[in-house]
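Here are my notes on the model you sent over. I've kept them short and numbered so you can check each one against the coordinates.

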Amino acid sequence: MEKLSAKSDHIYLGEAIVKKALAVMIQHNLVKFQASERNNNVAEYTMIHHNVYCLIRYPKYLYMIKRIYGTSEEILLEILLNLGQASASNVIFHSANRLNEANDSEVLSPSALHQSFQRLAQDNFIIRCPKLAENATLLKVPTLEIEEKEKFAVPNVEIEPIARMLKEKATQLGGHCDSEIIWRVNHERFDIELRNVILVNAAARRVDTTAGELYHLILKLWRESSNPDSPVTTPVSYNVIKDAVRKNDSSPILLEHFDHYLRVLYEDSAGLIDRAGDAGGGQFNLDYSKVFENLACASLDSIVLERFGSKALRLFRLTRIQKFMEQDQMQNVAMIPAKEAKMFTYKLLEHNFLQIKELKKGTSNFAPVKSFILYHVELPQVVRTTLEASYKGLFNAMVRQMHDLTENQRLLEKHAMLESMLERLKGDGVPDEEIAELSDTMPPAEKSLVEKIHLMSDNLTLGQTQADETILILESYLKFKSKEL
């Protein structure tokens with residue numbers, strides 16, 4: 001209580017409001033609590049930064065689940081995201097209500113949704129929340145725990161009471177058998193899937209879509225046989241990969257040219273596939289640390305090119321490859337005039353894309369000490385700096401988009417109402433002359449402004465998506481780099 005009071009005084013909110021806010025954030029997996037080390041009777045609350053950031057990825061989560069499974073699983077996930085934490089019966093009930101509202105003619109059976117819920121749990125996209133420990137009631141700050149084998153085990157759900165409540169048009173489920181078994185979205189599993197999407201897209205860009213399809217199949221094999229957090233996957237043999245391609249009937253071209261595509265992927269400099277041995281026709285694995293280092297370098301190269309130009313990129317890339325270089329050596333090898341080379345070098349140094357290392361060499365006890373200044377790229381440090389800039393850029397894009405939409409809210413609502421009315425009149429068979437006359441009630445200047453706002457909003461949304469992809473690449477590099485050390 002003392003913690004809450006202090007926090008309330010600091011942000012000028014009442015204790016009741018702070019409690020409610022904490023409860024909402026805990027419900028949505030944004031905050032966790034634990035007993036203080038200094039006083040076991042006081043709870044300390046910690047923000048889960050990664051889960052907060054993942055709020056902007058929710059649309060990607062929904063699109064991914066719809067693409068992999070279908071509409072039912074998408075609705076289940078959307079309901080769970082809206083509730084934060086909920087029991088399987090509660091999620092199924094609300095999802096069935098949502099689907100029944102969309103299809104007024106028939107009432108959906110919740111048993112099909114129960115099967116969809118099981119598929120999501122089986123593939124680890126949703127996970128159980130920890131439950132109260134046995135001695136939790138004896139403590140002022142309860143502890144939560146869960147066994148590994150229970151994390152993805154779906155309990156038995158009573159379908160008949162849910163179906164009866166749906167027929168009665170109830171809005172709340174009430175008491176049910178699994179009310180104490182609570183589920184949430186597993187962000188770590190979605191991170192793995194988003195990471196794999198980046199790798200598949202990289203394979204498709206470097207070769208073609210068929211190579212991307214092959215790489216997608218190999219990633220599935222690696223995921224089934226390896227720990228997703230391991231820097232290097234377990235090797236998979238040539239024969240196992242070819243069997244998987246045979247079972248996949250969607251691409252006969254892939255089976256016909258399988259050897260060629262596999263060879264192109266493991267010989268490619270991006271390091272998407274590494275050959276680990278020759279047993280079983282060849283053993284292939286994936287070095288996450290290596291491939292995300294290459295992707296991070298490609299992202300940094302693109303950023304340097306956009307901010308400073310091609311000559312700065314040449315100096316940056318040359319220094320990264322050569323490890324350590326002097327100023328004269330850099331300008332000679334890069335074939336850039338001395339004045340420009342110095343200017344670009346100092347710009348890169350100023351923005352932390354280059355670092356310097358000073359080496360001192362004394363010729364004798366009486367002669368002055370001679371210093372050598374070497375430029376180099378400390379990649380983890382550069383990635384952290386770029387990651388911070390990416391967060392800021394993403395935030396700025398979100399704030400600007402929100403500002404534009406809020407400032408022009410009335411105009412956008414007016415335009416949306418007019419468009420809705422015109423669509424309805426077209427469906428009713430109203431003559432085109434009357435529709436055109438109604439459309440002209442909005443001045444051309446306002447229409448032009450609406451188009452400009454929509455275009456800017458679309459560009460800002462695209463920028464947020466690209467920034468999020470860059471952030472995921474850079475975070476993945478740092479994650480696997482730290483496991484390597």
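1. Which residue in β7 is the bridge partner of Arg128? Trp183 is the one to look for. Bear in mind throughout that this is a predicted model.

2. Zooming out from that pair, β4 and β7 (residues 182–185) run antiparallel to each other and share three bridges. They belong to an open sheet of three strands, ordered β3-β7-β4, with antiparallel pairing. β3 (86–87) and β4 (126–128) are the edge strands: each has a single partner strand, so one side of each has no neighbour in the sheet.

3. On the overall layout, the domain assignment splits the chain into five pieces: domain 1 (15–49), domain 2 (56–185), domain 3 (190–286), domain 4 (309–377) and domain 5 (382–482). If you want a feel for the spread, the C-alpha centres of domain 1 and domain 5 are 35 Å apart.

4. Now the cysteines. I'd skip any hunt for disulfides, as a search of the whole structure turns up zero. Take Cys129: its nearest cysteine sulfur belongs to Cys54 and sits 15 Å away. With a cut-off of 2.5 Å between sulfurs, that pair does not count as a disulfide. Cys129 is buried, at 11% relative accessible area. Cys297 is buried too, with a relative accessibility of 9%; both values fall under the 20% limit, so that is why they get the label.

5. The largest nonpolar core takes in 102 residues, and the ones with the most contacts inside it are Leu199, Leu214, Tyr215, Leu272, Phe292 and Leu348. Helix α14 (residues 288–308) supplies the largest share of this core, namely nine residues. There is also a second, separate core of eight residues, among them Leu411, Met442, Val450 and Ile453.

6. Leu214 deserves a look of its own. Setting aside residues up to four places away in sequence, Leu214 touches Ile241, Val245, Leu254, Phe258, Tyr261, Leu262 and Leu265.

7. Last one: is Gln464 buried or exposed? The residue sits in helix α21 (residues 444–484), and Gln464 counts as buried because its relative accessibility is 16%, against a limit of 20%. As for what surrounds the residue, Gln464 is in contact with Leu394, Ala397, Met398 and Gln401, once its neighbours within four places in sequence are left aside.

Key: Residues are numbered from 1 along each chain as its sequence is written. This is a predicted model: local features need pLDDT of at least 70, side-chain atom pairs count only at pLDDT 80 or more; totals for chains, interfaces and linings use all residues. Side-chain values use heavy atoms; hydrogens and water are left out. Domain bounds come from an automatic or database domain assignment. Buried means under 20% relative accessible area, exposed over 50%, partly exposed in between (1.4 Å probe, protein chains only). A nonpolar core is a set of buried Ala, Val, Leu, Ile, Met, Phe, Trp, Tyr and Cys residues joined through side-chain atoms within 4.5 Å. Helices (H or I, at least four residues) and strands (E, at least two) are DSSP runs, numbered from the N terminus. Contact means heavy atoms within 4.5 Å. Two strands pair if DSSP finds at least two bridges between them.
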